[in-house]
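I sat down with one model today and kept notes as I went. Here is what I looked up, in order.

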Amino acid sequence: MVSAHPEPPSQPQAEATGAGAAPSQPQGSQRTHTEVAVGILLRGDGALLLATRPPGKPYAGYWEFPGGKIEAGETVEQALRRELHEELGITIGPASVWRVTEHDYPHALVRLHWCKVRSWSGDFDMREGQTMAWQHFPLQVSPVLPGAYPVLDWLEQEWRQGRAQSSQKP
Ligand SMILES: Nc1nc2c([nH]c(=O)n2[C@@H]2O[C@H](COP(=O)(O)OP(=O)(O)OP(=O)(O)O)[C@@H](O)[C@H]2O)c(=O)[nH]1
């Protein structure tokens, strides 16, 4: 079993080198949120999809849920559909926001709009050189982006509740 919450290095490699890192933002109250659409792809057997962050980005190699930044004029759903097509080659069905979280990284203050996605079409094609893995709890991959910890905790709680309920059924 692999812990979902290992301690990340204080300076991820890509940031230390500056390779692919987002421009640094002003500190304190002037920092603006980067809005991000994130997809929790759920398979019929309850597995969820994680992928590694592509080389050249902050936290490269960390596991994350697929998604990316929302562009001007896009809804969360539109951004997610575009990102998942660009990154994974799939076209998602309906997606609506399930939870919103924030995380303050050295490279960005992000607001993450999490959507559960249960239907998609097309074959998975890792177009940015990522690795993908369908995961059940406990996760077998590590490390995971710190901004995903709260959502992993909620999903694990749901999974435990579902398991407890199904074991009580006659
Ligand atoms: N996709 C994704 N991003 C996450 C997760 N958790 C989390 O904190 N983030 C943060 O959300 C931001 C997403 O930005 P990104 O750089 O991946 O977005 P993008 O694909 O549009 O990048 P680009 O600007 O290079 O095209 C990053 O700061 C990342 O650290 C997660 O589980 N999935």
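In what order do the elements of the protein chain run from the N terminus on? I wrote the order down as α-β-β-β-β-α-β-β-β-β-β-α. I noted at once that this is a predicted model.

**Entry: the whole chain**

I looked up the secondary structure and found 3 helices and 9 strands. Next I checked burial. The protein chain has 170 residues, and 43% of them count as buried. Then I turned to contacts with a separation of 6 or more. Residues 24 or more positions apart account for 70% of these. I also looked up the exposed surface. The chain exposes about 9,000 Å², and carbon and sulfur atoms supply 51% of that area.

**Entry: the record**

I looked in UniProt as well. An unreviewed entry there carries the annotation "domain: Nudix hydrolase" for residues 31-157. I then checked that stretch in the model. Over residues 31-157 the chain is 17% helix and 35% strand. The end C-alpha atoms of the stretch are 32 Å apart.

**Entry: a sheet**

Which strands make up the open sheet, and in what order? I found 4 strands in the order β4-β1-β7-β6, with mixed pairing. The edge strands are β4 (67-69) and β6 (96-104), and each of them pairs on one side only. I also looked up the twist. Neighbouring strands of this sheet are turned by 20 degrees against each other on average, direction ignored.

I then followed the pair β1 and β7. Strand β1 covers residues 33-41, and 9 bridges join it to β7. The two strands run parallel. Across this pair, I found V38 opposite W114 in β7.

**Entry: helices across the strands**

Which strands does helix α2 lie across? I traced α2 over residues 76-88 and found it across β1, β4, β6 and β7. It runs at about 120 degrees to β4. Helix α3 takes in residues 149-168 and lies across β1, β6 and β7. Its angle to β6 is about 135 degrees.

**Entry: H113**

I picked one residue in β7 for a closer look. H113 lies in this strand, which spans residues 109-117. Is H113 buried or exposed? Its relative accessible area is 13%, and buried means under 20%, so H113 is buried. I then listed its contacts, leaving aside neighbours within four places in sequence. H113 touches E35, V36, A37, V38, I70, V76, V97, R99 and V100. V38 is on that list, and I had already met V38 opposite W114.

**Entry: Y59**

I checked the backbone angles next. Y59 is not a glycine, yet its phi is positive, at about 60 degrees. I located Y59 in the loop between β2 (48-52) and β3 (63-64). Why does Y59 count as buried? Its relative accessibility is 5%, and the cut-off for buried is under 20%, so Y59 falls in that class.

**Entry: cis peptide bonds**

Where do the cis peptide bonds I looked up lie? I found one joining F137 and P138, with omega about -5 degrees. P138 lies in the loop between β9 (132-135) and α3. Another cis bond runs from S142 to P143, with omega near -5 degrees. P143 is found in the loop between β9 and α3. I marked P138 and P143 in my drawing of that loop and closed the notebook.

Notes. Residues are numbered from 1 along each chain as its sequence is written. This is a predicted model: local features need pLDDT of at least 70, side-chain atom pairs count only at pLDDT 80 or more; totals for chains, interfaces and linings use all residues. Side-chain values use heavy atoms; hydrogens and water are left out. Buried means under 20% relative accessible area, exposed over 50%, partly exposed in between (1.4 Å probe, protein chains only). Contact means heavy atoms within 4.5 Å. UniProt positions are given in the numbering used here, feature names are shortened, and annotations may be inferred rather than shown by experiment. Two strands pair if DSSP finds at least two bridges between them. Axes are lines fitted to C-alpha atoms, for helices over the stretch in contact, and angles run from 0 to 180 degrees between N-to-C directions. Accessible areas come from the Shrake-Rupley method with a 1.4 Å probe; for residues, only the protein chains shown count as cover.
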